[in-house]
Amino acid sequence: MTGNKLFEGIEIFVQVVKSQGFSAAAEQLGHSSSHVSKEITKLETRLGVRLLNRTTRSIALTPEGEAYYQYCTQLLQDAESAIAAITQNSIDPKGTLKVSCPIGFSAHYLQPILAQFLDLYPNVRLDLDLSDKHIDVIADGYDLAIRATPQLAESSLICKRIFKTKAYVIASKGYLEKQGRPYHPRELNKHHCICYSNLKNPTRWEFSSQSGEHFSVDVKEKMRCNNGQAELDMVLADQGICRLPGFYLDSAFANEQIEALFPEFIQPEVNVYAVYPSRKHLSPKVRCFIDLLSEALAEY
């Protein structure tokens, strides 16, 4: 496909997917619903594939539409970056910055950084999603995601480590009094363990000895949860043993509500990454936010 029709309909198609409907997309684009629908039909005709399955109440991407949407989204982002790179008045950050962040990390570290960022860049509007779920940065339209994990999964995204913390296996005094104290990680298969469900293998916990021996333990799962704060709350209620990043635990350690188990064993560090789509020209708002994150978190 060549000529002037190469890019026709792409912006409308992306907006329809983002808006989850023709009427909402038409409102965003300043067109009528019938115009938007006709443009999508013409685009499908040129491509020779159906991009969207339509019902009277909803739309859904076909497999071909999903693949095409990923490329179109990247294409529009690259076009915006190209304009920003050569437009003098685009140097200052502006527009909406959409960020996803784990709940616990946000509560302990991110909030003062966000306030500083908004003070520094008043033309930026922040769209913050606090969730421990694994989101699709590109498909869900995020500029950046913050992820806390021992190891990132393979992807085409750019990943920059901005922070690291120790992980601790913890229990309350009340639990240890009732259930007894494990002295070796392998004893966890006899205890009530609270596991983090967003991990690839929630019940397999990794350890290393001081001599360098690496081993894993399949723990006995009492409860599975997708939120670190909820895990800590159950530990404080004497319901079991869990493993959490240090940023959840400062207050509980300071108030002597919990104990760290197995201090003689080495546990995987939890790395915190800024993850963003792979493209040559970062928008000023994303670049400035990553720079501020790195600078602020280097103090910890």
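This is a short tour of a sheet, two of the helices and the nonpolar cores in the structure above. Keep in mind as you click along that the model is predicted.

**Stop 1: the sheet**

Start by selecting the five strands of an open sheet, which run in the order β4-β3-β5-β14-β6 with mixed pairing. Which strands stand at the edges? They are β4 (124-130) and β6 (158-165); each has a single partner strand, so one side of each is left without a neighbour in the sheet. Turn the view and follow the twist, which averages 20 degrees from one strand to the next.

Now zoom in on β6 and β14 (residues 270-276). These two strands pair in the antiparallel sense, over seven bridges. To see one bridge pair, pick Phe-163 and its partner in β14, Val-272. As background, strands of a sheet pair through backbone hydrogen bonds, either parallel or antiparallel.

Next, add helix α5 (residues 103-120), which packs on the sheet. Helix α5 touches β3 (95-101), β4, β5 (144-149), β6 and β14, and its direction makes about 175 degrees with that of β4.

**Stop 2: helix α7**

Select residues 228-236 to bring up helix α7. Which of its residues are buried? Show Gly-228, Glu-231, Leu-232 and Val-235. Look down the axis of α7: these buried residues fall within an arc of 95 degrees, so they line one face of the helix. The elements covering them include β7 (167-172), β8 (193-196), β11 (221-225), β12 (241-245), α8 (250-254) and β13 (258-261).

Both ends of this helix are worth a click. At its start, a side-chain oxygen of Asn-227 comes within 3.1 Å of the backbone nitrogen of Gln-229. Following α7 is Asp-238, with a positive phi near 65 degrees.

**Stop 3: the nonpolar cores**

In soluble globular proteins, nonpolar side chains tend to be buried together. Here, the largest nonpolar core has 36 residues, and Phe-105, Leu-144 and Phe-289 touch the most other members. At least two residues each come from β3, α5, β5, β6, α7, β12, β14 and α9 (284-297). Which element gives the largest share of this core? Select α9, which supplies eight residues.

Then centre on Phe-105. Leaving out residues up to four places away in sequence, Phe-105 touches Leu-110, Ile-146, Phe-163, Phe-247, Val-272 and Leu-297. You have met Phe-163 and Val-272 already, as bridge partners.

For a last selection, find another core that lies apart from the largest one: it has 18 residues, among them Ile-10, Phe-13, Val-16 and Ala-26.

How values were computed. Residues are numbered from 1 along each chain as its sequence is written. This is a predicted model: local features need pLDDT of at least 70, side-chain atom pairs count only at pLDDT 80 or more; totals for chains, interfaces and linings use all residues. Side-chain values use heavy atoms; hydrogens and water are left out. Two strands pair if DSSP finds at least two bridges between them. Helices (H or I, at least four residues) and strands (E, at least two) are DSSP runs, numbered from the N terminus. Axes are lines fitted to C-alpha atoms, for helices over the stretch in contact, and angles run from 0 to 180 degrees between N-to-C directions. Contact means heavy atoms within 4.5 Å. Buried means under 20% relative accessible area, exposed over 50%, partly exposed in between (1.4 Å probe, protein chains only). The arc is that of the directions from the helix axis to the C-beta atoms. A polar contact is a pair of N or O atoms within 3.5 Å; within protein, one must be able to donate a hydrogen and the other to accept it, and residues adjacent in sequence count only if both atoms are side-chain atoms. A nonpolar core is a set of buried Ala, Val, Leu, Ile, Met, Phe, Trp, Tyr and Cys residues joined through side-chain atoms within 4.5 Å.
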